[in-house]
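Hi,

Here is the structure I promised to pass on. Have a look first, and my notes follow underneath.

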Amino acid sequence: MSVQMIGQLGMLVLIALVFLRVPVAVAMGLVGFVGYALINGTQSALLVTGQVPYDIATNYTLSQLPLFVLMGDLAVRSGMSGRLYSTAHDLFAGLRGSQAYATLGASAGFGAVSGSSIATAATMTRVAVPSMRAANYDDRLSAGSIAAGGTLGILIPPSIALVVFAMIAEQSVPRLYAASLIPGLLLCLLYILIVVILVRISPEWAPEQEERRGFLARFRSIWQVWEIVLLFIVVIGGLYAGILTATEAAAVGAFGAWFLGVITRRLGWADTRDGIFETIRTTAMLFVILCAAHIFTYFVVLTQIPQGLVGVVEGLNLNPIVLLLLIGLFYLILGCFLEAFGMILITVPILLPLIEQAGFDPIWYGVFLVIMIETGMITPPVGMNIFVMQSQLPTMSLMRLYQSVLPFVLAPVLLGALIIFVPEIVTWLPSTLFD
């Protein structure tokens with residue numbers, strides 16, 4: 001059997017295992033090990049498998065992951081999410097649908113300290129749903145805005161997904177964070193625009209306008225989240241200014257979240273201990289996934305599938321824009337069946353050479369990929385954010401949740417198309433800061 005045939009068979013087996021709900025890490029590791037053994041022998045496969053965990057564990061970039069995870073976990077435990085929601089609500093008071101806008105604004109702010117889409121969706125479900133139900137908001141508007149807002153957690157820096165992409169694609173984390181900031185803010189504005197349209201079409205989904213807050217009341221409300229603003233300025237500002245490396249910024253952020261929680265008496269020792277243990281569990285899971293992804297990447301390199309794919313695309317003589325649109329469509333379909341990390345780990349080793357061959361910046365591709373992943377987070381039938389919400393809203397059917405998020409899918413799709421035709425939205429800030 002030829003190397004190319006083994007590679008194609010391995011891809012089919014991987015797809016089959018994923019559809020059979022085998023964990024992505026297990027599927028990738030198994031296919032990578034067996035495929036590598038068939039090509040280079042079992043002894044070589046065992047040597048590679050034994051070396052990969054050491055290589056991952058000694059990778060300096062990996063140290064960012066547990067620190068950013070810890071920062072987000074401690075931020076949740078110190079109640080930052082509730083104060084963010086209250087502040088955002090005060091800022092939007094006076095507009096019909098103000099609590100839906102507040103949910104999106106608070107999700108964007110919370111994403112800036114959590115870096116996780118699922119954590120943002122789960123937290124905002126607990127914070128926003130009781131308040132919105134008490135104010136007689138339609139569940140479709142509540143659920144849709146929370147699920148959509150949750151996706152901002154993996155685009156607005158610091159983002160765990162972008163760190164994973166940086167490790168797989170060997171790219172700069174600070175440049176990725178700079179590239180994702182403007183698209184993240186644009187996506188938040190697009191989500192808000194969708195709420196504006198929904199409220200105009202179906203005014204019964206939101207109550208009558210509330211009384212607008214005065215300037216002094218809004219200023220006091222903003223002061224409630226001073227520690228979050230300070231944390232973002234120190235961590236992301238220090239990173240963009242070149243004062244901190246990505247790992248140093250993560251360390252400062254984790255310590256800052258703990259210190260601010262302690263001095264404001266919102267974070268106790270029990271919360272700190274639980275946050276550390278939860279971070280250990282999350283990091284261990286990511287470590288296993290990354291090990292499996294590296295084994296799979298070695299197998300992909302041996303099969304020369306990326307080079308073959310580049311040759312096929314060159315033979316088709318596709319316009320680069322058409323190629324990107326096809327890749328975007330591929331990710332939209334893939335996102336219906338695969339979760340975020342699975343999409344990154346499986347597709348990046350295969351598609352990155354194709355992207356570079358077409359003349360596109362890998363940093364730009366990382367942001368484009370995350371936007372497509374965001375779409376998958378709220379797209380049936382997988383839609384991880386939907387399942388997170390459904391676990392906390394058992395009275396709301398899964399079908400009703402699907403209906404609530406469908407209008408919001410338009411926002412990341414539109415943003416993906418926008419950065420294809422105007423790539424400077426992504427590339428301008430990193431080139432200004434680091435070139």
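Let me start with a ring: phenylalanine 68 counts as buried at 4% relative accessibility, where buried means under 20% relative accessible area, exposed over 50% and partly exposed in between, with a 1.4 Å probe and protein chains only. Before the rest, a word on the source: this is a predicted model, so local features need pLDDT of at least 70 and side-chain atom pairs count only at pLDDT 80 or more, while totals for chains, interfaces and linings use all residues. Residues are numbered from 1 along each chain as its sequence is written, and side-chain values use heavy atoms, with hydrogens and water left out.

Back to the rings. Aromatic pairs are rings of Phe, Tyr and Trp (its six-membered ring) with centres within 6.5 Å; planes under 30 degrees apart count as stacked, over 60 as edge-to-face and the rest as tilted. By this rule there are 10 aromatic pairs. In one of them, phenylalanine 68 meets tyrosine 177 edge-to-face, at 6.0 Å centre to centre and 70° between the planes. Phenylalanine 68 lies in helix α4 and tyrosine 177 in helix α10, so the pair ties together parts that are 109 residues apart in sequence. Tyrosine 177 is buried too, with a relative accessible area of 0%. Phenylalanine 360 and tryptophan 364 are a stacked pair, because their ring centres are 5.6 Å apart and their planes are at 25°. Phenylalanine 360 is buried at 17% relative accessibility, and tryptophan 364 is buried at 2%. Ring pairs also link Phe255, Trp258, Phe259 and Trp269 into a cluster.

Now the overall picture. The protein chain has 21 helices and zero strands; these are DSSP runs numbered from the N terminus, with helices being H or I of at least four residues and strands E of at least two. Of its 435 residues, 54% count as buried. With contact meaning heavy atoms within 4.5 Å, residues 24 or more positions apart account for 80% of the contacts with a separation of 6 or more. The accessible surface comes to about 18,300 Å², 69% of it belonging to carbon and sulfur atoms (Shrake-Rupley method, 1.4 Å probe; for residues, only the protein chains shown count as cover).

I spent some time on α13. Its 18 residues should span 26 Å at 1.5 Å a residue, and the end C-alpha atoms are 25 Å apart, which agrees (the expected span is 1.5 Å times one less than the number of residues). Its buried residues include Gly253, Gly256 and Gly261, and the cover over the buried residues of α13 includes α4, α10 and α12. Threonine 247 sits in this helix, residues 246–263, and is buried at a relative accessible area of 9%. Not counting residues up to four places away in sequence, threonine 247 touches Tyr60, Ser63, Gln64 and Leu67. Just after α13, arginine 265 takes a positive phi of about 60°.

Over in α12 (residues 226–240) there is glycine 238, which is buried at 7%. Leaving aside neighbours within four places in sequence, glycine 238 is in contact with Ile233, Ile243 and Leu244.

Helix α14 (residues 269–303) has 35 residues and reaches 51 Å from its first C-alpha to its last, close to the 51 Å expected. Glutamine 304, just after α14, takes a positive phi of about 60°.

What about charges: how many salt bridges does a search of the whole structure find? It finds four, a salt bridge being a side-chain nitrogen of Lys or Arg within 4 Å of a carboxyl oxygen of Asp or Glu. Arginine 77 and aspartate 73 form one at 2.4 Å, N to O. Both lie in α4 (residues 64–77), four residues apart, about one turn of the helix; arginine 77 is partly exposed at 29%, whereas aspartate 73 is buried at 14%. Glutamate 278 and arginine 281 form another, with the closest N and O atoms 2.9 Å apart. These two are three residues apart in α14, so about one helical turn separates them. Arginine 273 bridges to aspartate 274 at 3.4 Å between the closest N and O atoms.

Send me your thoughts whenever you get to it.
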